[in-house]
Every structure is written in C-alpha cells, then in structure tokens.
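Trainee: Please put the model up, and I will ask about it piece by piece.

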Amino acid sequence: MEGKPRPEASPEQALAAMDRLIALSLTGQQDIAQRLGLGVTDLTCLGHVLGAGAEPITAGELAERANLTTGAVTGVVNRLEKAGYARRQADPADRRRVRVVADETAAGRLYEVYGPFYLRLNELFADYTPDEVAVLADWFTRAAGLMRTRQEELRRPADG
C-alpha cells in the first residue's frame with residue numbers, strides 16, 4: 001500500500017504544528033476534566049490509576065508519577081473517591097500501604113467523553129499506511145522519552 005502524497009514540512013513547521021497540538025491538548029484536558037467533574041490534576045492521576053491495570057498503583061507511586069507530594073495525592077484520592085472514580089485498597093502484602101484502584105465504571109465513564117475523539121483519531125490513522133503509522137508511533141514514543149528527560153532536568157534544583 002503506497003502512502004498518499006503529503007505536504008512538505010520543515011522541522012520548524014513540524015514543531016509549530018506540535019506546539020499547536022499541545023496547546024489544544026492542554027485546554028482540551030481542562031474541558032474534559034470539567035465535563036467529568038474533576039480537576040486536571042485529578043484527571044491526570046485517574047489516567048495513571050487506570051493505566052496501572054490489574055496491578056493497582058500505590059499512593060506513593062501515584063505521587064511520584066504525577067509529581068505531587070503524598071499530601072496532595074491524599075486530596076486527589078479523596079476527590080476521586082467522592083466522585084466515584086477510584087477507591088483505596090489495603091495492600092495485601094503490607095497493610096500499611098494503600099493502593100488506589102479504579103472503580104469498575106471509571107473507564108467507561110472516561111470513554112464516554114474521550115471516545116468520540118479517539119474514533120476520529122482512528123479514522124485519521126486509517127489515512128496513513130502501516131509504515132507511516134509506525135513512524136508516527138516511533139516519533140511519539142521517542143518524543144515522550146525526550147519530554148520525560150527534560151521534566152527530570154527541570155525538576156532538579158537549579159544551580160547557583
């Protein structure tokens with residue numbers, strides 16, 4: 001399968017397009033969080049909880065992934081519980097440790113909001129060849145790694 005002709009783009013144009021996508025994503029997350037009755041940080045944390053899958057995440061792991069203090073995570077988990085998205089569960093191996101488990105309805109409730117957009121994204125991917133999708137996936141994966149590295153650099157105390 002041969003790909004469709006694509007417009008030429010310089011790295012600068014690609015970065016500008018990425019910046020526009022990131023800006024839209026940030027405001028979109030605010031809209032989605034509001035629709036779900038959550039704050040953006042709570043929505044981000046819920047994403048980490050759901051992403052943990054069958055192995056529930058500990059509150060400490062959640063704090064680390066979201067770059068929050070353990071005290072802030074306590075507030076996040078309280079709000080997620082109150083909204084019916086997650087619950088605390090004692091760790092069977094260590095009763096002092098708390099795991100955060102998604103409510104059975106949480107993924108479905110998020111899909112109601114995210115689903116239409118993801119369907120549109122899948123239609124967009126269908127416009128690309130498998131080789132082109134592989135390049136996109138590789139680029140996103142590698143760019144995420146660069147972003148993680150930069151975040152770690154920014155979170156270190158500044159010298160001086």
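Trainee: In which helix is the place of Leu26?
Mentor: This is a predicted model. The residues of the helix in question run from 11 to 35, and Leu26 has its place there. That helix is H1.

Trainee: Is Leu26 buried or exposed?
Mentor: Exposed means over 50% relative accessible area. Leu26 has a relative accessible area of 56%, so Leu26 is exposed.

Trainee: What accessible area does the nonpolar surface patch of Ile22, Leu26 and Met147 have together?
Mentor: Leu26 is exposed, and Leu26 forms the patch with Ile22 and Met147. Together the three have an accessible area of about 290 Å².

Trainee: How many bridges join strand E2 to E3?
Mentor: E2 covers residues 86–91 and runs antiparallel to E3. The two strands form a hairpin, with 2 residues between them. Arg87 has Val101 in E3 as its bridge partner. The number of bridges joining E2 to E3 is 6.

Trainee: Which residue in E3 stands opposite Thr58?
Mentor: Strand E1, residues 57–58, is antiparallel to E3, residues 94–102, and 2 bridges join them. Opposite Thr58 in E3 stands Arg99.

Trainee: With which residue does the side chain of Arg99 meet in a salt bridge?
Mentor: Arg99 counts as buried because its relative accessibility is 12%, and buried means under 20%. The partner is also buried, with a relative accessible area of 2%. The N to O distance is 3.1 Å, and the partner is Asp91.

Trainee: How far apart are Arg150 and Glu153 in helix H6?
Mentor: Their side chains meet in a salt bridge at 2.9 Å, N to O. Both residues lie in H6, about one turn of the helix apart, that is, 3 residues.

Conventions. Residues are numbered from 1 along each chain as its sequence is written. This is a predicted model: local features need pLDDT of at least 70, side-chain atom pairs count only at pLDDT 80 or more; totals for chains, interfaces and linings use all residues. Side-chain values use heavy atoms; hydrogens and water are left out. Two strands pair if DSSP finds at least two bridges between them. Helices (H or I, at least four residues) and strands (E, at least two) are DSSP runs, numbered from the N terminus. Patches are made of residues with over 30% relative accessible area and no salt bridge: like charges are joined within 9 Å, nonpolar side chains (Val, Leu, Ile, Met, Phe, Trp, Tyr) within 5 Å. Accessible areas come from the Shrake-Rupley method with a 1.4 Å probe; for residues, only the protein chains shown count as cover. A salt bridge is a side-chain nitrogen of Lys or Arg within 4 Å of a carboxyl oxygen of Asp or Glu. Buried means under 20% relative accessible area, exposed over 50%, partly exposed in between (1.4 Å probe, protein chains only).
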